[in-house]
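User: Please take a close look at the enclosed and open spaces in this model, and at the packing around them. Keep it brisk.

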Amino acid sequence: MSELIDFGALRNCGCGRVHTAATKVVLARGALAQLPAVIRECGLTGHALIACDENTRRAAGEKAAQILREAGIESRLVVLGGTHVSPDEAAVEALRVPAEGCGFLIAAGTGVIHDICRYLSHALGVPFVSLPTAASVDGFLSSVACMTFHEEKVTTPAHAPVACVADIDVIAAAPRRLASSGAGDIMGKYISLADWEISNLVTGEYYCEALDAMERRAVEIVAEKAGALRTGDADAIEALTGALLLSGLAIQLAGSSRPGSGAEHHLSHFWEAALLKLGRDVLHGEKVGVAAVLMTRIYRQAAQSPDFRPEPLPDACAQELERYGTGLCETVLKGMREHPHIAAGDVAQHWAEIRAIIGQLPTPERIQSLLRLAGAPVEPEELGVDRELLSLGLRCCPYMRVRTTFYSMLRGAV
C-alpha cells in the first residue's frame with residue numbers, strides 16, 4: 001500500500017485539509033499470522049470478539065481465534081446467522097450482547113460483517129480490526145456503515161478500523177464471484193469521480209484532486225488485472241485487494257463515501273432494496289458494475305448536446321414502490337422532498353467543463369469489456385432486473401441519497 005500513496009503530499013494537500021489515515025494496513029500472503037503483533041502494536045487490550053458468518057468462520061474466523069489463543073490473547077468467536085447475514089437490527093443485537101465488555105472487535109468477513117462491526121464499534125466506543133476474507137468491496141477501511149434499519153437503507157456514522165490485516169492466502173481462496181464483484185465496485189469509480197468533480201463545479205462542494213487520483217489509480221490497477229481475475233490468479237487477487245483498500249482509504253480520508261459513490265451506487269442501492277424484497281440476493285459490486293455501464297451510456301449521450309438539456313422522468317408514486325417494501329417507498333418519497341435544489345442555469349453555465357469531464361469517461365463498451373474479463377455481469381437482466389424494475393430504478397435512484405450527481409441534474413432534480 002505504501003508504494004501507492006504519497007503520505008507526505010496528503011499531509012500538505014492542495015485541498016486545504018490535512019489527511020491522516022486512521023488504519024494500519026498489512027497486505028501480504030500469510031498476513032493472518034501477524035494479527036497478534038498488529039493488535040499489540042495498535043495498543044489494543046482486553047479480550048477480542050471475532051464476528052463472522054458460517055462461511056467466513058471457516059475461511060478465517062476459527063484460524064484467527066486459534067492464532068490469538070496461541071499468542072495469549074483471549075478471544076470469543078460469534079457466528080452471525082448462517083451463510084447470509086443482513087446488516088440490520090437483528091444482526092446488531094445478536095452481536096451487541098456478547099460484545100459488551102470486550103476490548104475490541106474483529107470483523108472476519110466481507111462487506112456486511114464489516115458494516116455491522118464498524119457500526120457497533122461506534123455505538124459501544126470500542127475499536128475494531130478488519131480481517132477481509134474476500135476482495136469483494138471497497139468498504140473495509142470505511143468510516144461509515146451502510147445499514148438496513150426498518151427496511152430502509154441508511155448510511156450511519158461509524159468507526160474506521162484501527163488495523164486491516166488482509167491475508168492474500170485467505171482472500172484468494174474465496175469464490176471467484178466475490179473477486180468479480182470487487183472489480184465491479186471499482187469500475188463504478190468512473191461515474192462517482194465524474195459526479196464528484198461536476199458537483200464541485202456546480203455547487204462548490206468539497207473536492208480533492210489527491211483523493212481523486214487515489215481512486216483513479218485503483219481503477220487502473222483493476223483494469224490492468226481484469227483478465228487474470230477471472231482465473232483466480234493470486235497475484236491479480238492481491239492487486240485487486242490493494243486497489244479496494246486504496247479506494248477505501250480515499251473514502252476514509254475524505255470523511256465520506258463521496259469519492260467512491262455516485263449515481264451508479266444510488267441505482268445499485270435501489271436495486272438491492274427491491275431485489276431483497278423479491279427474495280433475490282445479488283452482490284453489491286455486481287450491481288455497481290452494471291449500473292456504471294448504464295450511467296456511462298446516459299452521461300455520454302447527454303454530453304453530445306451543445307447545450308444542457310435536462311430530461312426529467314416522471315416521479316414514481318407510492319403505489320409503484322410499495323411492491324418493493326415500505327422502507328424503500330419511504331426512502332424515495334423522503335428523498336424527493338429533501339433533495340437539494342439546483343437551478344438549471346447553474347448547470348448550464350458550466351456545461352463546457354461538464355462535457356469535458358464526461359468526455360474523459362471510457363465508453364460503456366470498454367467498461368463492459370473489463371467487467372466481462374473479470375467474470376462480472378454487464379446487463380441488468382443478469383441481475384434479475386427486468387424492464388419494469390430498470391425503469392423504476394432510473395426514475396427513483398436520484399432520491400436514494402441526498403447527494404448531487406450529474407444524473408440528478410440531468411433528470412430534473414434541479
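Analyst: A cavity is a set of 1 Å grid points over the protein atoms alone where a 1.4 Å probe fits but cannot get out. Points join across faces, edges and corners, and a volume is the space filled by probe spheres set on them. The model is predicted: local features need pLDDT of at least 70, side-chain atom pairs need 80 or more, and totals for chains, interfaces and linings use all residues. Residues are numbered from 1 along each chain as its sequence is written, and side-chain values use heavy atoms, without hydrogens or water.

By this rule, there is one cavity of 30 Å³ or more. The largest cavity holds about 40 Å³ of space. Its lining (residues with an atom within 4 Å of a point) consists of W271, E272, L275, L276, R280, D281, V282 and K287. Helix α11 makes the largest contribution to this lining, with four residues. By class, the lining of the largest cavity has four nonpolar residues, four charged ones and no polar ones.

One residue of that lining, W271, also belongs to the largest nonpolar core (buried Ala, Val, Leu, Ile, Met, Phe, Trp, Tyr and Cys joined through side-chain atoms within 4.5 Å). This core counts 92 residues, and M187, F270, W271, M295, Y299 and F406 touch the most other members. Helix α10 (residues 234-254) gives the most to this core: 12 residues. M187 contacts (heavy atoms within 4.5 Å) V219, V222, A223, A292, I367, L370 and L371, leaving aside neighbours within four places in sequence. Another core lies apart from this one; it has 24 residues, including L68, I73, A108 and V165.

Now to the neighbours of α11. Helix α18 (residues 387-396) has these buried residues (under 20% relative accessible area, 1.4 Å probe, protein chains only): L389, L392, G393, L394, R395 and C396. They pack against α11, α12 (284-302), α13 (318-321), α14 and α19 (406-410). G262 sits in the loop between α10 and α11. G262 counts as buried because its relative accessibility is 0%. Beyond four places in sequence, G262 touches S192, D195 and T405. I191 is 71 residues from G262 in sequence, but their C-alpha atoms are 6.4 Å apart in space.

The open space comes next. The second largest pocket (an open set with protein on both sides within 12 Å along at least five of seven lines) has a volume of about 290 Å³. Its lining has 15 residues, and K153, T331, M400, R401 and V402 lie nearest the centre. Strand β7 (152-157), α11 (263-277) and α14 (326-338) each give two or more residues to that lining. Thus α11 contributes to the lining of this pocket and to that of the largest cavity. The pocket lining divides into five nonpolar, five polar and five charged residues.

K153 leads on to T148. T148 is in contact with K153, and also with S86, P87, D88 and E89, setting aside neighbours within four places in sequence. T148 belongs to strand β6 (residues 144-149). T148 counts as buried because its relative accessibility is 17%.

The loop between β5 (128-132) and β6 holds S136. S136 counts as buried because its relative accessibility is 5%. Not counting residues up to four places away, S136 touches T110, L178, S181, G182, D185 and L244.

Methods. Buried means under 20% relative accessible area, exposed over 50%, partly exposed in between (1.4 Å probe, protein chains only). Ala, Val, Leu, Ile, Met, Phe, Trp, Tyr, Cys and Pro count as nonpolar, Asp, Glu, Lys and Arg as charged, and the others, Gly among them, as polar.
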